[in-house]
Structures are given as C-alpha cells and as structure tokens.
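Visitor: Could you give me a close look at how the inside of this model is packed, and then work outward from there? I would like one connected account rather than a list.

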Amino acid sequence: MEDESFSNRVDGIADKIFIERWSPRSFVSDSIPELDLKKIIDAARWSPSTVNEQPWLFFTTSSDSSRFQEFVSCLNEGNQVWAKHSAVIGFIIARKFFKSKPRENSLADFDCGAAWMALTIQARLLGYYTHGMGGINRTDIGVRLGLDTEKQKVIMGFALGKRAKVSSLPTELQSKENPSSREDLGAIWKIL
C-alpha cells in the first residue's frame, strides 16, 4: 500500500527511502516470511557502533507465536490498541558495559539507535513498515525476558508489518495516520 501522503513530503533532497520512511499504526497481522525477518535484523547487525561493541540485542515474536500476546501486554495501553494487529513485536535491549573494558559504554543507547534505523530502512526496502515505541513497560519486559538489569537496558519496542487501511484503526487514531513533517534543513544544520 503506497502512502497517499508522500506527495506532501517531497521537499527533501535525501534519497526517497528516507523521505518515505514513517511510522504508521495501521498494520495487518499477516506473518512475515522468516527470511525477510532475518534480513531486517541482519541489517541492524551491520550498524556502526563504538569500538565495534555491537551492544544491541533484539527480541521479537510473531503474531502466530504463543508469546505474542505476552509482548503486547508489555506495551502501554495506547500502543496495545493498534500494535496487537502487527505481524511482529520486538524489543531492543542494550548491553550497558563494554565487553572488553570494565566500564560503562555511554554510547550504547546511541548505537542501538543506529541499529534501529538500519532495521527500519531494511524493512522499508522489503515493503514493510515499522513503528518504534517508547510507551512500554520496561520493568515488565526485563522480567519477562530474564534480563540482568544491572548489565542490560530496555531501549524501545517496535511493531513491524505490512500496512492496513486507515479505516482499520479506531476512529480517534485515524486522523494521526499521516507522515509527520520535518524541520526545515536550515533549522537543524549550521554551517560555521
């Protein structure tokens, strides 16, 4: 399903894969082939990271899995309403400390953000959409995934799948189902 609102975003000069990327809430729960999901996570694996630490872990479950509803229950109520219809729900976890140094990796969260962007762009290249979520219960996720919260940190959740028609969403969410605008390039880039 091509985004009808794309024409409103063509003021950018970046490659269209970046301009077309946005986070819908309307998903269909049709399963994603295992090879596609592997490609999406593998793209994240190749992301740059501080001294090649690769501090990320990805936990995913598909809509046809017995654990899917458990993952849905870790989302805030507002996200549960729409994310329960996605094909995949996942969580990105950061390793807080360096593998080879006895100190905290202050850039682990940043590196996980780079991996998230690679994941979401690979998903778009395969015809899927992603929606990142900060509205999650990090404590519950840590318990359910058996994380060592002294050494690991829940960064975010995400939904992944094909887009559904906007009419599949509750009425109050339908008006939000549009790509967001972006700051003008001059507002975020200062040449000195």
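Guide: Happy to! Two residues are in contact here when they have heavy atoms within 4.5 Å of each other. Please keep in mind that this is a predicted model.

Let's start at Phe91. Setting aside residues up to four places away in sequence, Phe91 touches Leu57, Phe58, Phe59, Phe71, Cys74, Leu75, Ile136, Ile141, Leu145, Met156, Gly157 and Phe158. Phe91 also belongs to the largest nonpolar core, a set of 22 residues in which Trp82, Ile89 and Phe91 have the most contacts. Helices α3 and α4 (77–83) each supply at least two residues of this core, and so do the strands β2 (88–95), β3 (129–133) and β4 (152–161). Apart from this set there is a second core, with 21 residues, including Leu37, Phe58, Val88 and Leu119. Phe58 is therefore a residue of the second core that is also in contact with Phe91 by the 4.5 Å cut-off. As a general background, nonpolar side chains in soluble globular proteins tend to be buried together.

Met133 offers another view of the interior. This residue lies in strand β3 and counts as buried because its relative accessible area is 2%, where the limit is under 20%. Beyond its neighbours within four places in sequence, Met133 is in contact with Leu75, Asn79, Trp82, Ala83, Met156, Gly157, Phe158 and Ala159. Several of these names are familiar from Phe91, whose contacts include Leu75, Met156, Gly157 and Phe158. If you want a backbone distance to check, the C-alpha atoms of Met133 and Gly90 are 9.8 Å apart, with the two positions 43 residues apart in sequence terms.

From here we can turn to a pair of helices. Packed helices are described by the angle between their axes and the distance between those axes. For α2 and helix α5 (residues 108–125), the angle is about 145° and the axes lie 7 Å apart. The crossing of α2 and α5 is right-handed. On the α2 side the contact is made by Lys39, Ile40, Ile41, Ala43 and Ala44, and on the α5 side by Ala115, Ala118, Leu119, Gln122 and Ala123. These residues divide into eight nonpolar, one polar and one charged. Leu119, one of the α5 residues in this contact, is also one of the residues of the second core.

Now for the charged side chains. The model holds eight salt bridges. One of them joins Asp42 and Arg45, at 2.5 Å from N to O. Both residues sit in helix α2 (residues 34–45), and because they are three residues apart, they are separated by about one helical turn. Asp42 is partly exposed at 30% relative accessible area, and Arg45 is partly exposed at 45%.

Other salt bridges meet at Glu70. Arg67 pairs with Glu70, with the closest N and O atoms 2.9 Å apart, and Arg67 is partly exposed at 34% relative accessibility. Arg144 also forms a salt bridge with Glu70, at 3.5 Å from N to O. That second pair ties together distant parts of the chain, since Arg144 belongs to helix α6 (residues 138–144) and Glu70 to helix α3 (residues 68–73), 74 residues apart. Arg144 is partly exposed, at 36% relative accessibility. Through shared partners, Arg67, Glu70, Asp140 and Arg144 form one salt-bridge network.

Finally, the loops. Asn105 is located in the loop between β2 and α5, and its relative accessibility of 5% is why it counts as buried. Leaving out neighbours within four places in sequence, Asn105 is in contact with Thr50, Glu53, Pro55, Lys96, Phe97, Phe98 and Asp111. Ser100 is found in that loop between β2 and α5 too, but Ser100 is exposed, at 60% relative accessibility. The C-alpha atoms of Ser100 and Glu53 are 8.8 Å apart, although the two residues are 47 apart in sequence.

The loop between α2 and β1 (56–62) holds Asn52, and Gln54 lies there as well. Most residues other than glycine have a negative phi. Asn52, however, has a positive phi near 55°, and Gln54 has a positive phi of about 50°. Gln54 is partly exposed, with a relative accessible area of 29%.

Definitions and conventions
Residues numbered from 1 in each chain as written. Predicted model: local features only at pLDDT ≥ 70, side-chain atom pairs only at ≥ 80, totals over all residues. Heavy atoms only, no water. Salt bridge = Lys/Arg side-chain N within 4 Å of Asp/Glu carboxyl O. Helix = DSSP H or I, 4+ residues; strand = E, 2+ residues; numbered from the N terminus. Buried < 20%, exposed > 50% of the residue type's maximum accessible area, 1.4 Å probe, protein only. Axes fitted to C-alpha atoms, helices over the stretch in contact; angles between N-to-C directions. Left-handed = near helix turned anticlockwise from the far one by under 90°. Nonpolar A, V, L, I, M, F, W, Y, C, P; charged D, E, K, R; others polar. Core = buried A, V, L, I, M, F, W, Y, C linked by side-chain atoms within 4.5 Å.
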